[in-house]
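Colleague: I am new to this structure. Can you walk me through it?

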Amino acid sequence: MLHRSHQPAGYQCPFCELVQDRPFSQDNLCAPTDLIYQTELVAAIMACDGFGNYGGHAMIIPTRHLEALYDLDDATGAAIMKETKRVALAMKLAWDPEGTSTRQHNEPAGNQHVWHYHQHVFPRYHDDQLYQQLRHRVSVQDRAVKAKQLRQALFSPEHPEPLQASQIIR
């Protein structure tokens, strides 16, 4: 095997707690309002940390606990990319950023901190300093507002690939 799990024994996955609607463990920084939407294979959630000068970016995660890129099956990987594009387009509608970026990390040396695959989707601005690692906590209230804005944009008739109610589990 080319990679091994890095999650500690007894790991309480914050993303699994969110998408499986389980009680949150003490260290879980997620909030129920972070869930933007969930399909059978993936969910879009607000990230609790902001980077650079702007708070509020989304993450696309598998609904099943898969730790890293290496663990993704083809159907889940394809669904992640489809929803990454859909959320990036929603950001353009909701927030009018100057661009978007995506990134994903694997294993500790790859800067992974949560042991559940997640694809970051960032709104980008010329002065955002995203890659200077200016990480900061974004309040639950601010994340809830941004999640609502993205949900509205995802269902908007202006969205080139809007979500349909039949695709959503919750």
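What follows is a set of short questions and answers on a predicted model.

Colleague: Start with strand β2. How many of its residues are buried?

Modeller: Strand β2 spans residues 42-46. V42, A44 and M46 lie on one side, and A43 and I45 on the other. Both faces are covered. The number of buried residues is five of five.

Colleague: Why do its residues fall on two sides?

Modeller: In a regular strand, side chains take turns between the two faces of the sheet. In β2, one side holds V42, A44 and M46. The other side holds A43 and I45.

Colleague: In what sense do β1 and β2 pair?

Modeller: Strand β1 covers residues 35-38. A hairpin of three residues joins β1 to β2. Y37 has A44 as its bridge partner in β2. Over three bridges, the sense of the pairing is antiparallel.

Colleague: How many bridges join β2 to β4?

Modeller: Strand β4 takes in residues 58-62. One pairing to look at is I45 with its bridge partner M59 in β4. The two strands run antiparallel, and the number of bridges is five.

Colleague: Now the nonpolar cores. Which element gives the most residues to the largest one?

Modeller: The largest nonpolar core has 24 residues, and I36, Y37, I60, V87, M91 and L150 touch the most other members. Elements giving two or more residues to this core are β1, β2, β4, α2 (74-95) and α3. With seven residues, the top contributor is α2.

Colleague: Which residues of β2 does I60 contact?

Modeller: Neighbours within four places in sequence are left aside here. The contacts of I60 include I80, E83, T84 and V87, and also Y117, H118, Q119 and V121. β2 covers residues 42-46. From that stretch, the contacts of I60 are V42, A43 and A44.

Colleague: How many residues are in the other core?

Modeller: This core lies apart from the largest one. Among its members are L35, A43, A47 and I61. Its size is 13 residues.

Colleague: Turn to charged pairs. How far apart in sequence are the parts that D21 and R170 tie together?

Modeller: D21 and R170 form a salt bridge, with their closest N and O atoms 3.8 Å apart. D21 sits in the loop between α1 (14-19) and β1, while R170 is in the segment after α3 (140-154). So the pair ties together parts whose separation in sequence is 149 residues.

Colleague: Is D21 buried or exposed?

Modeller: Exposed means over 50% relative accessible area. D21 has 61%. Its partner R170, at 34%, counts as partly exposed. D21 is therefore exposed.

Colleague: What about R143 and D34: are they buried or exposed?

Modeller: Their side chains meet in a salt bridge of 2.7 Å, N to O. R143 belongs to helix α3 and D34 to the loop between α1 and β1, 109 residues apart. Buried means under 20% relative accessible area. R143 has 2% and D34 has 0%, so R143 is buried and D34 is buried.

Colleague: Last, S101. Which side chain does it join in a polar contact?

Modeller: S101 lies in strand β5 (residues 99-104). At 16% relative accessibility, S101 counts as buried. The polar contact of its side chain is 2.9 Å, and the partner is R124.

Colleague: Which residue forms a salt bridge with R124?

Modeller: The two side chains meet at 2.5 Å, N to O. Both residues of the pair are buried. The partner of R124 is D128.

Conventions
Residues numbered from 1 in each chain as written. Predicted model: local features only at pLDDT ≥ 70, side-chain atom pairs only at ≥ 80, totals over all residues. Heavy atoms only, no water. Helix = DSSP H or I, 4+ residues; strand = E, 2+ residues; numbered from the N terminus. Buried < 20%, exposed > 50% of the residue type's maximum accessible area, 1.4 Å probe, protein only. Polar contact = N/O pair within 3.5 Å; in protein donor to acceptor, adjacent residues only side chain to side chain. Pairing = 2+ DSSP bridges. Salt bridge = Lys/Arg side-chain N within 4 Å of Asp/Glu carboxyl O. Core = buried A, V, L, I, M, F, W, Y, C linked by side-chain atoms within 4.5 Å. Contact = heavy atoms within 4.5 Å.
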